Amino acid sequence: MVSETTDGARIPGAGEIVRMDGDGGVDGIQSRPSLRSSSHSLNGPLGSIEAGFLLRASSVPLVPPTYTVGYVYEAAMMSHSPDEGDEHPEQPQRIVAVHNALLKHGCLGAMKRLPFRRAQREAVLLVHTEQHWRMVLALKVPLTRQEIIDSKAFYEHDSLYVSPQTTESALLSCGGVIEAALSVARGDLKKTFAIVRPPGHHAEPDRPMGFCFFNNVAVAARVVQQMTPIKRILILDWWKKYILRLIQDSGNGTQRAFNDDSSVLYISLHRYEGGRFYPTGPFGSMTSCGEGRGLGYSSGTTDADYIHAFQQIVMPIATEFAPELVIISAGFDAADGDILGECCVTPAGYAHMTYMLSTLAGGKLVVALEGGYTLESLSNCALAVGRMLLGYAPPELPPLVASEVEALTVWLVAKEQSKYWKNINIKACEPKEDFEELAFPVPELLKAHRQDYMYRNFDMLEVPLMYDDVREKFSAQIMCSKDLLDNEVLVVFAHEFGNLRVEISDRLTCDIQLESSYIIDVSKQLVHWVQQEHYGLLDINLFPSLLPYPQKSSEQYAREIMAYLWDNYILLSAAKHIILIGHGPGVVGISELLEGRTAGVMRHVKLVVQVVGHTKIPLKHSLVIVPHDHAIRHEGKILKRHGRLVFAEESKPILLMLRALPLIQTHVRNVLTPMTVPE
């Protein structure tokens, strides 16, 4: 009996003979009743082998080999080579070393070799300009010896060497990465390794440079988006010396290709050194976060430094982005022993980074070879990555602690990237210094100062907080007048810290010039007025203490403390007239109180005032004061539920309270002293 697979291949039944070709492949199937009489039979795990035939036991089905991992390799890419006698780090033997290492350790036997073709013009133009395309194609025109000598200085300026075979190699290199990416994107394979050269990540849309002619991964990503349903793609470039001055980009060409595109997230771990390291300039600095729709999407010499960056920056951002495909621009310049990278990342370090990335996108992962210029370290690291693609467990690492400089860099990057990615935990990235036990957080200093200031100038006291979790977050931040429980008029004022204006001498080290730094606290004018009017005051600073464990949202913190104070102090007071005032972030606290204690607020509160900056205007308030240039004025979406909306002649939120104070005073007086109606 002979059956067929879904692709038409015939599977032999029991008792049929399978002829094996020289490479172990199935050559043909023929019927044969018995092999017992043959003197050339050998017993094996699958049955009997006799005279070149394999007799399949009925208990062992023969199925065509299946692969989940593939690779791209073509020796013709070695034809791009420097002049005889010239030594260059981007040498043809690079791909041979990687191929042989994978072959020697049995990796290639478990991978499917993918056929591919040269990159086509239509694909390349998805990233590069027409002029760029023609420039690379023109290189295949044979040059005289003198022309080669004359042009060498021109190409060396962009860190390139060329030969008549450069065009062919560049087209094959780009085409190989395209095929590797498409094989995964179409679901033919789960993972692929493109063993290609010349590399591509430095090639810009209109300019070859840095050993690179076509930007292989950028072109492949665009082709995948054009030809498959996959749209969200993460490109991770770990090419050179971690993130000495940032984690944002400097596979410079790849960054420029996607700088305004939010569908491709590009993250690069590279050497920056204030813009002095190749390719030099500010592009790829800590603040290079993309442009337009791509804003926030264009994103340590040791294992410890790289792993720290991965755990704190790369993986949180990648998880939030949720890619459908991951492409690694695998430059092994940072490998221990590389002649250009001057770094110490081990094969185990690369294995762990690959393993972490393989957890994304349902395991759809493409690795494209970029740099790495010492053959031994290159082949060892590429082998480690190849083993991860095949499903091996990553090797054990010793205890790791990131260096002080790199921990600081990751922290600075976290502060910048947290503007765009919610998963970034700045507190977790804060460098741990030797004198941490001696340090005192600035917010705690400000709380202590304000507590002392309110006591000395306004005779106000700290409100006791009974529950441990509330006290832990808001200790010394809730102040009140001595007559809190006795005064018939109670003003509840919710706010955060004033604006801290700090002048720094160095952006990278954040050294503060103390003589030029100060805090602006506009709340003291309101507190002074409340005291003059002999009202009771409950002053609430809603900035929670920073805790070592994962924090709740500001809304959750505000809801908890406002409900606690309402239930345990405000409702228990003798106040007959309660005024709620929210300023800046304190608006959230008042809004949360209105939502959580609606019935009580409606019975007891006489007036609600919200002094809002440029943020969203809350609903259900008596008086809302906003800057004159607030967006709602132009959008025309003013609702009755906003209450009375007043546009103050002030655009700076920090000064808005000063401008609004006379209006607040008038409204409070009108509420507390209603006009008498004549008979």
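A salt bridge is taken here as a side-chain nitrogen of Lys or Arg within 4 Å of a carboxyl oxygen of Asp or Glu. The model is predicted: local features need pLDDT of at least 70 and side-chain atom pairs count only at pLDDT 80 or more, whereas totals for chains, interfaces and linings use all residues. Residues are numbered from 1 along each chain as its sequence is written, and side-chain values use heavy atoms, with hydrogens and water left out.

**Figure 1. A salt bridge joins helix 16 and helix 17 through Arg-559 and Glu-592.** The side chains of Arg-559 and Glu-592 meet at 2.8 Å, N to O. Arg-559 belongs to helix 16 (residues 554-570) and Glu-592 to helix 17 (residues 586-596), so the pair ties together parts that are 33 residues apart in sequence. Helices here are DSSP runs of H or I with at least four residues, strands are runs of E with at least two, and both are numbered from the N terminus. Glu-592 is buried, with a relative accessible area of 15%, while Arg-559 is partly exposed at 37%. Buried denotes under 20% relative accessible area, exposed over 50%, and partly exposed the range in between, with a 1.4 Å probe and protein chains only.

**Figure 2. Glu-90, Arg-94 and Arg-197 are linked in a network of salt bridges.** Within this network, the side chains of Glu-90 and Arg-94 meet at 2.7 Å, N to O. Glu-90 is buried, its relative accessible area being 1%, and Arg-94 also counts as buried, at 0%. Arg-197, the remaining member of the network, precedes a cis peptide bond to Pro-198, with omega near 0 degrees. Pro-198 is placed in the loop between strand 10 (191-194) and helix 6 (216-227). A search of the whole structure finds 16 salt bridges.

**Figure 3. Helix 3 carries a salt bridge between Glu-130 and Arg-134.** The two side chains meet at 3.0 Å, N to O. Both residues lie in helix 3 (residues 130-137), four residues apart, which is about one turn of the helix. Arg-134 is exposed, with a relative accessible area of 55%, whereas Glu-130 is partly exposed at 24%.

**Figure 4. Helix 9 and helix 10 cross at roughly 30 degrees.** The axes of helix 9 (residues 347-357) and helix 10 (residues 375-389) come within 8 Å. Helix 9 is therefore roughly parallel to helix 10. Angles under 35 degrees count as roughly parallel, those over 145 as roughly antiparallel, those from 65 to 115 as roughly perpendicular, and the rest as oblique. Axes are lines fitted to C-alpha atoms, for helices over the stretch in contact, and angles run from 0 to 180 degrees between N-to-C directions. The crossing of helix 9 and helix 10 is right-handed; in such a crossing the near helix is turned clockwise from the far one by less than a right angle. Ala-361 is placed in the loop between helix 9 and strand 14 (365-369). The phi of Ala-361 is near 55 degrees, a positive value in a residue other than glycine. Ala-361 is buried, with a relative accessible area of 12%.

**Figure 5. Helix 13 packs with helix 15 and contributes Val-442 to a nonpolar surface patch.** Helix 13 (residues 442-458) and helix 15 (residues 523-532) pack at an angle of about 30 degrees, with their axes 12 Å apart. Helix 13 is thus roughly parallel to helix 15, and it passes helix 15 in a right-handed crossing. Phe-440, Val-442 and Leu-445 form the nonpolar patch, with about 290 Å² of accessible area together. Patches are made of residues with over 30% relative accessible area and no salt bridge; like charges are joined within 9 Å, and nonpolar side chains (Val, Leu, Ile, Met, Phe, Trp, Tyr) within 5 Å. Val-442 itself is partly exposed, with a relative accessible area of 44%. Accessible areas come from the Shrake-Rupley method with a 1.4 Å probe; for residues, only the protein chains shown count as cover.

**Figure 6. Ala-476 has a positive phi, near 70 degrees.** Ala-476, a residue other than glycine, is found in the loop between helix 14 (468-474) and strand 16 (478-480). At 19% relative accessibility, Ala-476 counts as buried.
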